[in-house]
Amino acid sequence: MLRFQVTHPLPLLALSILLSLPGVALAEPQPITSLPLEQGENRWTLPAGEYTGQFFIDQPLTLHCAPGAVIDAQGQGNVLTLRAPNVNIDGCELRNWGRNLTDMNAAIFIEPNANDTVIRNNRLQGPGFGIWADRSQNLLIEDNRVEGDSTLRSQDRGNGIHLFSVKGARVLGNHVWNTRDGIYIDNSNGNSIERNLFEDLRYGVHYMFSHENRVIANITRRTRTGYALMQSRKLTVIGNRSEHDQNYGILMNYITYSTLKDNFVTDVERGDTGGDSMISGGEGKALFIYNSLFNTIENNHFQRSDLGIHLTAGSEDNRISSNAFVGNAQQVKYVAIRTQEWSVDGRGNYWSDYLGWDRNEDGLGDIAYEPNDNVDRLLWMYPQVRLLMNSPSIEVLRWVQRAFPVIKSPGVQDSHPLMKPPTEAATEELMNTTQGPHS
């Protein structure tokens, strides 16, 4: 394989000695035109070969890498720094950039105002950030493969894709694994995150202080939290999957005026937080709602997790209906001081442990589903009581509560529970579809 290197004209031995000395500055990034590019129609092509160094692009252009073209930053800085708008990076393999997270070392660093950039079909492998976009607009990040360094602790890796104060970005069909978070969206409004696959991470999708974003048809697998939605409003979260994540499938922390619809969360289990102080609990919750209000949560499917839904810290005035809670070890945990109704316009949710009946066959249970009675609270306080779950004494306690409601504690009530899962068709379609890039 051909090898090219941009170096200072010192002898190689002297250069290696200088670089080994403390305090010696690293080589400055070189213009991309210092590489042996071949000019074609409306684009520049980098021929096959292994190239070393750091490079910047300060003019609008399309850079296409021929198969076998690799740029290696040798563990320093960024591989490519984009300083101009209308840059297109296509088909490149970028490796071994720096790991200094304070300096935001990345395979591709998009500087402020490098708008209308397209990053497509690239392979990135290194310890720092994969793609960092800083205060830019109208980006397209599509069909890239981003792999982190699994030998590092999760918190010492960069995020696969990081958007800071970005507007109008589309992040489509990427595959990210072994980074810290799959994608981190910080103070970025009006972006779309669609059809991505995020595996073996801390958080798959991580939102902070970002509004009016779309999260559509993504998959998270084996993360320590699938979708961490925090301090944001007007999010549209539709048709996503969480498979075998730990701690939380979907976490909502101070989320307002948002829509969660047609999402599928399965097999969330208790897990190790990896020493990360941002993740607490680790209780295997399919959906955790904390201090979140005025949201619509409908037609989602939560199954086979340690806890179906946990709602706490003043999370009120949410519309929760037409969801399915199937086979969770515990369906609901509700910590608050007033009763909440989880049905909308006469239509509630499906609960696999509902023991009521439907005498008029209208598809709705004839008695309310109340998962948080005093018996449930007793079980939370004294888990060993679960050994008596099906005993006559527990049934007597439940009968007393129904007969004498004056002793009833505030909790969740679904007055119109569904007799069949409303998500059956969507679940079957999802199970029969192999979705996700490069899976």
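**Notebook: one disulfide, two cores, some strands**

I searched the whole structure for disulfides and got one. Worth noting at the top of the page: this is a predicted model.

**The cysteine pair**

Which cysteines does the disulfide join? I found C65 linked to C92, with 2.0 Å from S to S. I also looked at the twist: the link of C65 and C92 is right-handed, with 80° about the S-S bond. Next I checked where each end sits. C65 belongs to strand 7 (residues 61-65), while C92 is in the loop between strand 10 (87-90) and strand 11 (93-95), so the bond ties together parts that are 27 residues apart in sequence. Are the two cysteines buried or exposed? Both C65 and C92 came out buried. Reminder to self: a disulfide is a covalent bond between the sulfur atoms of two cysteines.

**Whole chain**

I then stepped back for the totals. The protein chain has four helices and 42 strands. It runs to 439 residues, and 53% of them count as buried. I got about 19800 Å² of exposed area for the chain, with carbon and sulfur atoms supplying 51% of it. For contacts between residues at least 6 apart in sequence, I noted that 51% join residues at least 24 apart.

**Cores**

How many residues are in the largest nonpolar core? I have 73 written down, and the members touching the most others are L63, L80, I89, I108 and L163. I picked L63 for a closer look. Leaving out neighbours within four places in sequence, L63 contacts I32, L37, W44, L46, I57, L80, N88, I89, D90 and C92. So two of the core names above, L80 and I89, turn up in the L63 contact list, and C92 of the disulfide is in that list too. Apart from the largest core there is another one of eight residues, including Y184, Y203, M208 and L251.

**Strand 18 and its partners**

I followed L163 into its strand. Strand 18 (residues 161-164) runs parallel to strand 15 (residues 129-134), and four bridges join them. Within that pairing, A133 has L163 as its bridge partner. Strand 18 also runs parallel to strand 21 (residues 183-186), again with four bridges. There, H162 stands opposite Y184, and Y184 is one of the residues in the eight-residue core.

**Three more residues I looked up**

H310 sits in strand 36 (residues 307-312). Is H310 buried or exposed? It is buried, because its relative accessible area is 6% and the cut-off for buried is under 20%. Its contacts, again without neighbours within four places in sequence, are K285, L287, F288, I289, K333 and V335.

Then I went through two backbone oddities. Most residues other than glycine have a negative phi. F209 is not a glycine, yet I read a positive phi of about 55° for it. F209 lies in the loop between strand 24 (203-208) and strand 25 (214-216), and it counts as partly exposed because its relative accessibility is 41%. H244 also has a positive phi of about 55°, and it is not a glycine either. I located H244 in the loop between strand 29 (241-243) and strand 30 (248-256). With a relative accessible area of 47%, H244 goes down as partly exposed.

Note on methods:
Residues numbered from 1 in each chain as written. Predicted model: local features only at pLDDT ≥ 70, side-chain atom pairs only at ≥ 80, totals over all residues. Heavy atoms only, no water. Helix = DSSP H or I, 4+ residues; strand = E, 2+ residues; numbered from the N terminus. Buried < 20%, exposed > 50% of the residue type's maximum accessible area, 1.4 Å probe, protein only. Pairing = 2+ DSSP bridges. Contact = heavy atoms within 4.5 Å. Core = buried A, V, L, I, M, F, W, Y, C linked by side-chain atoms within 4.5 Å. Areas by Shrake-Rupley, 256 points an atom, 1.4 Å probe, with all protein chains shown as cover. Disulfide = S-S within 2.5 Å.
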